[in-house]
Amino acid sequence: MFDNFLIRGDSLRNDVDEGEVTGFSLAVRNANYRGVYLSLHNGYFLEVDGVLYPVAVQRFEINGKAPRTFDEIRGAVWEHWNYDDEGILHVAAPGGLASGPHTVRLQQSVLAAYGYLSTDEEWVENPPTPGTGAGSDKTPQIISYPLVLTETKDAR
Amino acid sequence: MTIKRGVSLYSYQQSQFFKQLDLEGQIAEVGRNLDGADGIEIVDEMSLDYPDPGPAFEARWFELMNTYGTRPVAMDVGMDVLQFRDHVMSLQECADRLIADIRLAKRLGFSIVRTLSVAPIQVIEMALPIAESLDIKLGKEIHQPMVLEGPLVQEILDLAERTGSQHVGIVPDFGIFQFRASEVQLAWFGRRGAQTSAQEASVDLALGLRDGTAPFPHVDMTRHTAGNIRGDFNRFLSTGVTTEDMRDAFEGVKQWTQQRVDSPKDIDYVLVAEALTLSHTSADTLRELAPFVTHVHGKFNNMSAVPGMPGQFQELSIDYPLAIDALKAGGFDGYIDTEYEGQRYFQDQGVEELEDEVEQVRRHQEMLKRLIEAS
């Protein structure tokens with residue numbers, strides 16, 4: 001669902017910390033018709049121009065709190081990611097991305113489903129790796145987004 | 001007493017996503033533009049600051065109902081069993097969530113809580129005493145490809161009989177009366193490469209399975225979900241492996257496709273296999289079950305103009321006349337809530353190609369009103 005609209009088109013930018021470009025970020029929405037408990041949010045398959053950025057280098061910013069790793073997110077069992085709200089996906093990548101056009105391939109993994117599934121116990125022990133389709137039943141394929149990074153490091 | 005009309009705000013999910021209609025805008029549309037519809041159904045995790053929207057919102061909610069002449073009918077709740085991530089939720093934990101949702105529904109003036117079609121009967125039973133005490137009905141959704149006949153409805157009837165409760169029933173989703181792929185589903189498959197001949201083959205197979213003229217019989221999908229069937233068929237396509245109960249149907253789909261489609265690709269087979277995900281349930285059963293129906297999900301995929309009848313609209317893939325006649329014959333006088341789901345079949349395209357939810361819901365309400373009032 002919302003295949004082509006999960007990333008806000010003008011949201012790609014570099015993250016700057018104390019004058020240093022530490023990575024990049026983009027704004028995402030929940031690929032569903034509803035919100036979910038935040039803990040269910042299991043990270044992203046994310047590839048930019050052919051380079052894979054695994055969950056380990058991803059942090060997620062939502063609900064007015066500082067960006068959190070997905071290890072922290074899975075502990076947010078009573079916090080809700082509401083349907084209306086945009087989250088910011090931050091990616092640690094020293095130097096960031098060059099200005100100009102990029103091809104971003106993305107699939108979101110949210111372990112929300114309709115009731116009990118045969119994969120439940122397995123996913124407690126070993127959460128699926130995003131990009132396999134697991135936890136992505138409403139957008140089962142990886143979507144490609146042409147995005148342009150326009151800002152320079154002093155803009156943020 | 002007559003059937004009443006409402007709208008599930010689920011129908012406006014895309015307008016909400018794109019910030020075109022907020023909650024007030026959606027309620028205003030129902031109250032002002034649908035010729036007498038007044039029922040409001042929500043998905044709690046779509047419309048509310050969940051799980052506790054707070055007292056200020058509660059006050060505003062009732063103000064909105066008052067302003068637009070609408071009334072809360074049903075709240076749809078979920079069940080995500082991995083919420084705690086370190087264990088799978090127990091039945092009791094699922095019941096605890098349902099009970100919290102029942103209390104929330106009560107605070108917002110709803111009289112029905114709809115549980116998922118896959119909610120275990122034990123969970124419903126555990127929450128039932130609280131529902132009773134708050135005068136909230138629990139309705140279990142009966143969703144395509146489930147059927148009204150058989151164990152999944154029977155266990156609800158048994159629970160009602162065993163407890164003597166008037167507060168448990170079913171929510172038929174009219175997708176169970178879908179008898180062919182919708183034209184918008186066909187077009188969606190077409191843009192992904194399915195051939196025109198495969199689109200025709202899918203519809204013809206669905207009609208043949210309904211009439212008993214297909215080369216293999218309809219398989220009862222009661223224990224499956226449409227998603228599972230699709231996954232299993234994909235596995236069968238790539239590996240040839242499947243369960244014995246599905247083998248004849250899957251082989252049958254493959255042969256049907258090869259006879260009707262030149263050099264079929266996977267997407268052609270997958271489209272034809274959509275014919276397997278339809279419910280084949282009986283309108284007679286709906287008539288008999290009418291006393292147990294808490295309300296109805298008026299699911300639809302696309303409303304098109306009725307040729308030669310300006311201002312009238314139809315759903316080509318779902319047998320609405322049959323279903324509504326059965327409800328009337330059964331004496332049902334609750335709500336049918338419009339539940340538009342076809343918007344997703346446009347979302348692979350650009351923003352200018354998206355379907356207009358407001359217009360689709362208006363058309364659906366025109367049909368509902370006309371069919372309800374027909375003698």
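Biologist: In which helix of chain B does B:His364 lie?

Modeller: This is a predicted model, and the assignment is read from its atoms. The helix in question covers residues 357-373 of chain B, and B:His364 belongs to helix H15.

Biologist: Is B:His364 buried or exposed?

Modeller: Buried means under 20% relative accessible area. The relative accessibility of B:His364 is 0%, and therefore this residue counts as buried.

Biologist: With which side chain does the side chain of B:His364 make a polar contact?

Modeller: Leaving out residues up to four places away in sequence, B:His364 touches B:Gly298, B:Phe300, B:Met303, B:Tyr320 and B:Thr338. A polar contact at 2.8 Å joins the side chain of B:His364 to the side chain of B:Thr338.

Biologist: In which strand of chain B does B:Phe313 lie, and is this residue buried or exposed?

Modeller: B:Phe313 lies in strand S9, which comprises residues 313-314 of chain B. Its relative accessibility is 14%, and the threshold for burial is under 20%. B:Phe313 therefore counts as buried.

Biologist: Which residues does B:Phe313 touch, not counting those up to four places away in sequence?

Modeller: One group of its contacts is B:Met303, B:Ser304, B:Ala305 and B:Val306. The C-alpha atom of B:Asn302, 11 residues from B:Phe313 along the chain, is separated from that of B:Phe313 by 9.6 Å. The list of residues touched by B:Phe313 also includes B:Arg363, B:Glu366, B:Met367 and B:Arg370.

Biologist: Where in chain B does B:Val306 lie, and is it buried or exposed?

Modeller: B:Val306 lies in the loop between strand S8 (304-305) and S9. At 18% relative accessibility, set against a limit of under 20%, B:Val306 counts as buried.

Biologist: With which residues is B:Val306 in contact, leaving aside neighbours within four places in sequence?

Modeller: B:Pro172, 134 residues away along the chain, has its C-alpha atom 26 Å from that of B:Val306. The contacts of B:Val306 are B:Gln312, B:Phe313, B:Gln314 and B:Arg370.

Biologist: Why does the radius of gyration of chain B agree with that of a compact globule?

Modeller: Chain B contains 15 helices and 10 strands, and its C-alpha trace spans about 60 × 50 × 45 Å along the principal axes. For 375 residues, a compact globule would have a radius of gyration near 21 Å. Chain B agrees because its own value is 21 Å.

Biologist: What percentage of the residues of chain B count as buried?

Modeller: Among contacts in chain B between residues at least 6 apart in sequence, 78% join residues at least 24 apart. The accessible surface comes to about 14700 Å², and carbon and sulfur atoms account for 50% of that area. Of the 375 residues, the portion that counts as buried is 59%.

Biologist: How many helices and strands does chain A have, and what is its radius of gyration?

Modeller: Chain A has 2 helices and 11 strands. For its 156 residues the globule rule gives 15 Å, so chain A is as compact as a globular protein of that length, with a radius of gyration of 15 Å.

Biologist: How far apart are the mean positions of the positive and negative charges of chain A?

Modeller: Chain A exposes about 6800 Å², while buried residues make up 54% of its 156 residues. The charges comprise 12 positive and 22 negative ones, and the distance between their mean positions is 3 Å.

Methods
Residues numbered from 1 in each chain as written. Chains lettered and ligands numbered in written order. Predicted model: local features only at pLDDT ≥ 70, side-chain atom pairs only at ≥ 80, totals over all residues. Heavy atoms only, no water. Helix = DSSP H or I, 4+ residues; strand = E, 2+ residues; numbered from the N terminus. Rg over C-alpha atoms; globule rule 2.2 N^0.38 Å. Buried < 20%, exposed > 50% of the residue type's maximum accessible area, 1.4 Å probe, protein only. Contact = heavy atoms within 4.5 Å. Areas by Shrake-Rupley, 256 points an atom, 1.4 Å probe, with all protein chains shown as cover. Polar contact = N/O pair within 3.5 Å; in protein donor to acceptor, adjacent residues only side chain to side chain. Lys, Arg positive; Asp, Glu negative; His and termini not counted. Charge placed at Lys NZ, Arg CZ, Asp CG, Glu CD.
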